[in-house]
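Me: I have a model open and would like to talk through the labels used for it. Could you take me through the reasoning?

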Amino acid sequence: MKIIKNILIIIGAIATYYMVSLQVQYGVTTKVISEMISPKLHPEAMEKVYMPMTNILLDTHDITMASIVRDKVDPEMSIEDIEEAMAEVVIERNIKDVGQLPLSEQVELQLDKKQRFLKIYQYCKPTTAMIMVDHSDAFSAYLPCRIALIEDQKGEKWLYSLNMDMMIYGGAPLPPELLKLALEVKSTMTAIQKAGAGKEVDDE
């Protein structure tokens with residue numbers, strides 16, 4: 001019992017040290033305590049956003065990896081196959097293809113040197129976009145929705161996009177109508193990315 005008591009004392013001392021340090025350096029502790037007493041964030045913010053992001057960040061030490069979702073592309077799929085599969089979902093889900101950035105192709109032309117494949121695909125529903133921006137101007141930084149197709153250093157293809165859970169669950173709960181639209185956009189982007197990777201698309 002004495003050993004357990006001593007361990008608890010040590011844990012308490014460490015926790016207190018870090019709480020004091022965070023408060024002195026960043027003024028965070030008071031805000032965290034205030035949030036615990038009177039929650040303003042979405043009730044699933046920690047579970048869906050901040051704890052998964054923290055775990056990935058600590059595992060990879062890469063904040064970009066903590067803020068994205070990615071799918072490895074079926075190696076049997078060519079670039080043409082990927083683009084065709086994504087285009088079919090774009091039409092089915094009634095979202096606009098608002099531009100493509102063939103970055104590796106442009107760099108090849110500039111440097112006259114072969115590059116690993118990198119292309120950005122951009123999608124948007126203008127009416128939904130305006131509703132989101134009416135809620136918060138900061139949502140404009142998420143527009144348009146993007147999916148990146150990249151060939152890694154081993155020659156394997158991956159599809160990357162921003163994790164929309166940050167926008168949906170990371171702050172205060174969204175108004176019901178906006179939440180519905182945001183979930184629809186997330187479902188559409190997930191379907192496009194899964195199709196491009198050669199994976200089964202859930203019919204949501």
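Me: Why does lysine 194 count as partly exposed?

Reply: Happy to help, and please keep in mind that this is a predicted model. Lysine 194 has a relative accessibility of 27%. Buried would need under 20% and exposed over 50%, so lysine 194, at 27%, counts as partly exposed.

Me: What makes aspartate 71 buried?

Reply: Aspartate 71 has 7% relative accessibility. The label buried applies under 20%, so aspartate 71 earns it.

Me: How do you know that aspartate 71 forms a salt bridge with lysine 194?

Reply: The closest N and O atoms of aspartate 71 and lysine 194 are 2.8 Å apart. The cut-off for a lysine nitrogen and an aspartate carboxyl oxygen is 4 Å, so the pair qualifies.

Me: Why can this pair be said to tie together separate parts of the sequence?

Reply: Aspartate 71 lies in strand E1, residues 68–72, while lysine 194 belongs to helix H8, residues 176–196. The two are 123 residues apart in sequence, so their salt bridge ties those parts together.

Me: What makes the pairing of aspartate 71 and lysine 199 a salt bridge?

Reply: Their side chains meet at 3.1 Å, N to O. That falls within the 4 Å limit, so the name fits. Here too distant parts of the chain are linked: aspartate 71 is in strand E1 and lysine 199 in the segment after H8, 128 residues apart. Asp71, Lys194 and Lys199 are thus linked in a network of salt bridges.

Me: Is lysine 199 buried, partly exposed or exposed?

Reply: Lysine 199 has a relative accessible area of 37%. The middle class runs between 20% and 50%, so lysine 199 is partly exposed.

Me: And which labels do glutamate 108 and lysine 114 get?

Reply: Glutamate 108, at 24% relative accessibility, counts as partly exposed. Lysine 114 reaches 69%, and exposed means over 50%, so lysine 114 counts as exposed. Their side chains also meet in a salt bridge, at 3.7 Å from N to O, which is within 4 Å.

Me: How many salt bridges are there in the whole structure, and how many helices and strands?

Reply: A search of the whole structure finds seven salt bridges. The protein has eight helices and five strands. Of its 204 residues, 31% count as buried.

Note on methods. Residues are numbered from 1 along each chain as its sequence is written. This is a predicted model: local features need pLDDT of at least 70, side-chain atom pairs count only at pLDDT 80 or more; totals for chains, interfaces and linings use all residues. Side-chain values use heavy atoms; hydrogens and water are left out. Helices (H or I, at least four residues) and strands (E, at least two) are DSSP runs, numbered from the N terminus. Buried means under 20% relative accessible area, exposed over 50%, partly exposed in between (1.4 Å probe, protein chains only).
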